[in-house]
Amino acid sequence: MTFSRRFLLSCSLAMAAGVVPVHSQAPADAAAPAPAFAATAPASRPNVLIVLCDDLRADHLSVTGHPHLKTPNIDRVAKEGVLFQNAFCTTSLCSPSRASILSGLYAHKHGVRDNFTEFPADLPNLPKHLQAAGYETGYVGKWHMGENNDEKRPGFDYWASHKGQGKYFDTEFNVEGERKVLPGYYTTVATDLATGFIKKDHGGKPWFLMLGQKAPHSFYTPEEKYKHTFDDVRVPYPKSAFMLDDKPTWYKDRLYTWHGIYGPLFEWRKEFPNDKPEAVKDFENMIHGYWGVIQSLDDSMATLLKLLEERGELDKTIIVFMGDNGLLNGENGMVDKRAMHDASIRIPILVRYPGLVAPDKAKVVKQQVLTLDMAPSLLELCGAEALPNIHGKSWVKLVKEGDKQWRDGWFYEYNYEKQFPYTPNVRGVRTNDWKYIHYPHGDDEEDRHLAELYDLKNDPGETKNLIKSQEANAMLRELQVMMATLMDAAGLEDDKMPIDEGVKKELPDQKIR
C-alpha cells in the first residue's frame, strides 16, 4: 500500500482527535521543561565519560547475548548500572546520529543529513552547556561531521581528532592544533589520548570527555592478537537474506552492490559480484573481522575503568558506552546501515553512575529510548541548564522511578544519498510492538516502492511483511496517522527530501568509503 505525504496530513487532521494515542515527544518549537534538580556547585558535579562506538550492533556484546564475543569490561558498565534494552538511533548514519546525540534534535532540525555536513557551530549542544556549567570538556577520536576538517569544534576545551574516518593503524591526528601521525592501533591510540585527558589537571573543575572510537566501522581490521580469534566459528548468510519475496524489489536490486551480500563486502571479497555458495567464506571473514575489532573495544574499557578506580573517580563519573547506529550483517541480504530494520537502528546504550542506579542494584530498562535523549539526560544528571526546544527527553525519571508519560512510538528518517545510491528515502514509525516503513520518492507523489509492516511482538526478526494483509489494515492506518502526527509535532510538516534515483551498481568514491 502506498500513499503521499498529503494523504498522511489529511489523515492526521481527520483522525488525531480522540483516535491517536498521545506520544511523549515535544514539538521542536516547544519550550523545554526545566529539569528537576537542585543547583549544585561545579566541584560536586559528576564527571562524564562517553565512549561512542561506530556501527556497533546492540546484540554484539556478551551482556546482550552474543554467543561468541566476550566483553566483560563493557558488560561491567551494565552490570553495575543501566542497560537500555530498546535503544535506537533516529537516522542510521554516522554524522546525523552523532549530531542528534549532541543536540537532542532529529536530523531535519539540526541539519546534518549526511556524512559530509558540519555540525552547526551556533547550535546549542551538550558540551557547550556543560562548559557553561563549569566543566572542562574534551573530545578524542573520530568526530566525522565535516569530512575534511580536523579543527577544534566549539564546545570543547581539549581536542584530539582527525579528518574523515581515520585508519585502524597510524592515523594522523590534530592534537590541540599539532598534526602528527600517532603510530599504533587506533583503539589503543585513542584510549591513550583519553587517559591523558582524564589525568590532566582540571583546575578543580568536573570534566566531560567524549571518546569517539573508530571501531567497529569498516574496513574491519583487528589488531594482531584478535586476527584469528574466531577462525573456527562458521558464519552463514542469515536466513532472512533468502526471504525477499514479500519485500520491496529494491532489496534484490541491492544484493549485488556495495551494500549487498554478493558485493565487495568492504573489500573482503576481491572478485565481485559473487553469488556462488562458496563465496559465503568472504562473508564469514568479514564478520570475523567485525568481531575482532570489538574485542579491542573491551580492552579499551578495561583501561578506562582501571584508571578511574585508581584515581578514586569511578563512582564520581557518569560512564556511557553506546553506538551511533546499528549495522546490517547480511539481514535481508544487506550490509551497512541506513535502512529502518532493527539490526540497523538498534544501538547499545549502557550507563554506570551510582547517582542514577546503585552498582548492586543494576537495572534493565525496556522502554524505547533514542539518541535524542542522551544530551537532556546527561545535562539533568550534571545539574546543567537544559537544551531549548529539543525533541529528546531525559530518561533520568524513567530509570529512577518509572515514567508513565514515556513515549510509545517514534519516527525514523533517512534521505537518499547520491554518493551511496543503494537505499531509498526512508520514513517510518516504530512502536513497542509494530513497525511501519515506507519509501517516498521525494516529489510528494505516491511511493514507488512497496511499503513494509511488521508485527514485532510475534515477528521480531521482521521476516513477514504484512503490508498487504487485510487483517492488519486497521493497524496500518493507525501507524500512518501516528507517524504523520509525530512528524508534524517535530516540525516536519514540509518534508523535503532528494528524488530517489534508484539503486545503482557503481562503487562509491574511494575517498569516502
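Helices (H or I, at least four residues) and strands (E, at least two) are DSSP runs, numbered from the N terminus, and the stops below use those labels. The model on the screen is a predicted one.

**The whole chain**

Begin with the entire protein chain in a cartoon view, where 12 helices and 16 strands can be picked out. The radius of gyration of the chain is 22 Å, close to the 24 Å that the globule rule gives for 513 residues, so the chain is as compact as a globular protein of that length. Along its principal axes, the C-alpha trace spans about 65 × 55 × 40 Å. If you switch to a surface view, about 19,400 Å² of the protein chain is exposed, and carbon and sulfur atoms supply 52% of that area. Of the 513 residues, 61% count as buried, and residues 24 or more positions apart in sequence account for 70% of the contacts with a separation of 6 or more. Selecting the charged side chains brings up 62 positive and 72 negative ones, and the centres of these two sets lie 2 Å apart.

**Confidence**

Next, colour the chain by pLDDT, which averages 93, with 92% of the residues scoring at least 70. Then select residues 11-39, where pLDDT stays under 50, although the model has 55 contacts beyond four places in sequence for this stretch.

**Strand β3 and strand β7**

Select threonine 137, which lies in strand β3 (residues 136-141), and colour it by accessibility: Thr137 is buried, with a relative accessible area of 0%. Which residues surround this threonine, once its neighbours within four places in sequence are left aside? Threonine 137 is then in contact with Pro127, Leu130, Gln131, Gly155, Phe156, Asp157, Tyr158, Phe197 and Phe208.

Move on to leucine 211, which is found in strand β7 and is also buried, with a relative accessible area of 0%. A distance label between the C-alpha atoms of leucine 211 and lysine 142 should read 7.9 Å, although the two are 69 residues apart in sequence. Not counting residues up to four places away in sequence, leucine 211 touches Ile50, Val51, Leu52, Val140, Ala190, Ala194, Ser300 and Leu304.

**The loop after β7**

Continue along the chain into the loop between β7 (207-212) and α7 (250-254), where proline 216 lies. Show the backbone here, and look at the peptide bond from alanine 215 to proline 216, which is cis, with omega near 0 degrees. Phenylalanine 219 has its place in the loop between β7 and α7 as well, and the peptide bond leading to it from serine 218 is cis too, with omega near 5 degrees. Most residues other than glycine have a negative phi, and most peptide bonds are trans.

**Two residues with positive phi**

With the backbone still displayed, select glutamate 176, found in the loop between β5 (169-175) and β6 (178-185). This glutamate has a positive phi of about 50 degrees although it is not a glycine. Is glutamate 176 buried or partly exposed? With a relative accessible area of 41%, Glu176 is partly exposed.

Now select leucine 265, in the loop between α7 and α8 (280-310). Phi of leucine 265 is near 55 degrees, which is again a positive value in a residue other than glycine. At 0% relative accessibility, leucine 265 counts as buried, whereas glutamate 176 is partly exposed.

**Helix α10 and helix α11**

Go next to helix α10 (residues 374-381), which is mostly covered, with 8 of its 8 residues buried. To see this, display the side chains of α10, among them the buried residues Met374, Pro376, Leu378 and Glu380. Just after α10, glycine 383 takes a positive phi of about 70 degrees.

The last stop is valine 399, whose place is in helix α11 (residues 396-401). Valine 399 is buried, with a relative accessible area of 2%. Which residues does valine 399 touch, not counting residues up to four places away in sequence? They are Val82, Phe84, Leu356, Val357, Lys363 and Val365. Of these, valine 82 merits a distance label: valine 399 and valine 82 are 317 residues apart in sequence, and 7.9 Å apart in space, C-alpha to C-alpha.

Notes:
Residues numbered from 1 in each chain as written. Predicted model: local features only at pLDDT ≥ 70, side-chain atom pairs only at ≥ 80, totals over all residues. Heavy atoms only, no water. Rg over C-alpha atoms; globule rule 2.2 N^0.38 Å. Buried < 20%, exposed > 50% of the residue type's maximum accessible area, 1.4 Å probe, protein only. Contact = heavy atoms within 4.5 Å. Areas by Shrake-Rupley, 256 points an atom, 1.4 Å probe, with all protein chains shown as cover. Lys, Arg positive; Asp, Glu negative; His and termini not counted. Charge placed at Lys NZ, Arg CZ, Asp CG, Glu CD. pLDDT = per-residue confidence, 0-100.
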